[in-house]
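Work through the exercises below with the sequence and the 3D view at hand. Try each task before reading its solution.

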Amino acid sequence: MSDLSGARILVTGGAGFIGSHLVDALLAGGSESVAVVDTFFLGREENLGAARERHGDALTVYREDAGDLGAMTAVCQAERPDVAFNLATKALLYSFFHPVGAFQVNVSIATALAELLRSGALRRLVHLSTSEVYGSARQISMNEEHPLLAETSYAAGKAAADLLLMSYVNMYAIDVVTVRPFNNYGPRQNDGAFAAIVPLTIRRLLEGSPPVVEGDGLQTRDFIYVQDTVAAIVALATLDGVSGQTLNLGSGRETAINEVVETLCDITGYAGEIERAPARVADVRRHRADVGRAEGLLGPVAPTGLRDGLERTYAWHAAAVGA
Ligand SMILES: NC(=O)c1ccc[n+]([C@@H]2O[C@H](COP(=O)([O-])OP(=O)(O)OC[C@H]3O[C@@H](n4cnc5c(N)ncnc54)[C@H](O)[C@@H]3O)[C@@H](O)[C@H]2O)c1
């Protein structure tokens, strides 16, 4: 498949943060149809507002559980997708409140998709795993051979999902490529319950509250701008011969949480105090992706610099609240 123009696409979790940007990119790129399957656990209708406005006829939204094989079979019969992207999940922080649910949702969705691929109802899957499956870095940088040392049940569920899909590749030669994005940020990232550091800090700054850093702030992450992730997974979906591969997606740069918060303070002109809170349990200490494998296939995967991306993200949140 040379590109996704004219293709029929299924996106689980398409009303969420990364998923809605993916839907926008697919429709702007001329995909014939995009079907979103989302429970709206954290997904929002407004995330799909631009897609509906510009390409309404090509977008269908199913309020279904992507882990429900019966519902997904019906969706596939109606949509006949050429490619599926699996983005549905419940946020990492949810696992601290519902560890079993956080694990099971990742596994049940992967199970349903594996069965759809085995039966031929789906032909190709781009599965989004996460860098969280690696746990804290045992070596820097972290390539795809890094051991799976999940520190949360969310990450354990993702690791199990990855292994399940790989077992189906081995047993049934299904077509699956797995990506492990590192920390994404950008417009539309949830800033409410279970929010990550970038939207949480921006919300507090916009409310006039001091930002909060958990622990010493020296814990690091590898940040990638959401549209860079989307461009990479769309490109990957068009490549032949990648089934069974697992690819990291990140910037290859290690950034301390303190630096992210300080950069956002600088962008907004905030010079007040930064609140300190106890370190989070089961928090990954260091992350930096080795993106050599992805870049070997796709070229540079993270062209957006952190400050540039944070400026765009802040501008989006500020506009959303009319600031
Ligand atoms: N955001 C990141 O930094 C990051 C990093 C690495 C990997 N990922 C992965 O990327 C994907 C998208 O992440 P995101 O940040 O956009 O998350 P998100 O929470 O914004 O989106 C996930 C979507 O899945 C939906 N959902 C939850 N359970 C569902 C179910 N059973 N069936 C159908 N839909 C369901 C939610 O309502 C939501 O819209 C996830 O698979 C996540 O693990 C994200």
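A residue is called buried under 20% relative accessible area, exposed over 50%, and partly exposed in between. The model used here is a predicted one.

**Exercise 1.** Find arginine 80 and decide whether it is buried or exposed.

Solution.
- Step 1: Arginine 80 is located in the loop between α3 (69-79) and β4.
- Step 2: The relative accessible area of arginine 80 is 53%, so this residue is exposed.
- Step 3: The backbone of arginine 80 has a positive phi of about 45°, although the residue is not a glycine.

**Exercise 2.** Apply the accessibility classes to alanine 282 and alanine 51.

Solution.
- Step 1: Alanine 282 belongs to the loop between β13 (275-277) and α9 (292-298).
- Step 2: With a relative accessibility of 35%, alanine 282 is partly exposed. Its phi is positive too, near 55°, in a residue other than glycine.
- Step 3: Alanine 51 is part of helix α2 (residues 49-55). A relative accessible area of 2% makes alanine 51 buried.
- Step 4: The C-alpha atom of alanine 51 is 9.2 Å from that of histidine 21, and the two residues are 30 residues apart along the chain.

**Exercise 3.** Locate the cis peptide bond and state which residues it joins.

Solution.
- Step 1: Isoleucine 140 and serine 141 are joined by a cis peptide bond, with omega about 0°.
- Step 2: Serine 141 sits in the loop between β5 (124-128) and α5.

**Exercise 4.** Describe the surroundings of the ligand: how many residues surround it, and which are the closest?

Solution.
- Step 1: The ligand is surrounded by 29 residues, and the closest are Ile18, Asp38, Tyr154, Lys158 and Asn184.
- Step 2: Of the shell residues, 16 are nonpolar, nine polar and four charged.
- Step 3: At least two shell residues come from each of α1 (17-28), α4, α5 (153-172) and β7 (183-185).
- Step 4: Look for backbone contacts. A polar backbone atom of glycine 16 is 3.2 Å from an oxygen atom of the ligand. For phenylalanine 41, the distance from a polar backbone atom to a ligand oxygen is 2.9 Å. A backbone N or O atom of leucine 42 is 3.0 Å from an oxygen atom of the ligand.
- Step 5: The ligand taken alone exposes 820 Å², and the protein buries 92% of that.

**Exercise 5.** Examine the salt bridge between arginine 44 and aspartate 191, and explain why the pair ties together separate parts of the sequence.

Solution.
- Step 1: Side chains of opposite charge can pair when their charged atoms come close.
- Step 2: The closest N and O atoms of arginine 44 and aspartate 191 are 3.9 Å apart. The cut-off for a salt bridge is within 4 Å, so the pair qualifies.
- Step 3: Arginine 44 lies in the loop between β2 (33-37) and α2, and aspartate 191 lies in the loop between β7 and α6 (197-207), so the salt bridge ties together parts that are 147 residues apart in sequence.
- Step 4: Arginine 44 is partly exposed at 27% relative accessibility, and aspartate 191 is partly exposed at 22%.

**Exercise 6.** Examine the salt bridge between aspartate 82 and arginine 123: which partner is buried, and which is exposed?

Solution.
- Step 1: The side chains of aspartate 82 and arginine 123 meet at 2.9 Å, N to O.
- Step 2: Aspartate 82 is in the loop between α3 and β4 and arginine 123 in the loop between α4 and β5, which places them 41 residues apart.
- Step 3: Aspartate 82 has a relative accessible area of 16% and is buried, whereas arginine 123 has 53% and is exposed.

**Exercise 7.** Trace the network of salt bridges that includes arginine 221.

Solution.
- Step 1: The network links Glu214, Arg221, Arg280 and Asp283.
- Step 2: Glutamate 214 forms a salt bridge with arginine 280, with the closest N and O atoms 3.2 Å apart. Glutamate 214 is in strand β8 (residues 212-214) and arginine 280 in the loop between β13 and α9, 66 residues apart.
- Step 3: Arginine 221 lies in strand β9 (residues 220-221) and is buried, with a relative accessible area of 7%.

How values were computed
Residues are numbered from 1 along each chain as its sequence is written. This is a predicted model: local features need pLDDT of at least 70, side-chain atom pairs count only at pLDDT 80 or more; totals for chains, interfaces and linings use all residues. Side-chain values use heavy atoms; hydrogens and water are left out. A residue is near a molecule or strand if one of its heavy atoms lies within 4 Å of it. A polar contact is a pair of N or O atoms within 3.5 Å; within protein, one must be able to donate a hydrogen and the other to accept it, and residues adjacent in sequence count only if both atoms are side-chain atoms. Accessible areas come from the Shrake-Rupley method with a 1.4 Å probe; for residues, only the protein chains shown count as cover. Helices (H or I, at least four residues) and strands (E, at least two) are DSSP runs, numbered from the N terminus. Ala, Val, Leu, Ile, Met, Phe, Trp, Tyr, Cys and Pro count as nonpolar, Asp, Glu, Lys and Arg as charged, and the others, Gly among them, as polar. Buried means under 20% relative accessible area, exposed over 50%, partly exposed in between (1.4 Å probe, protein chains only).
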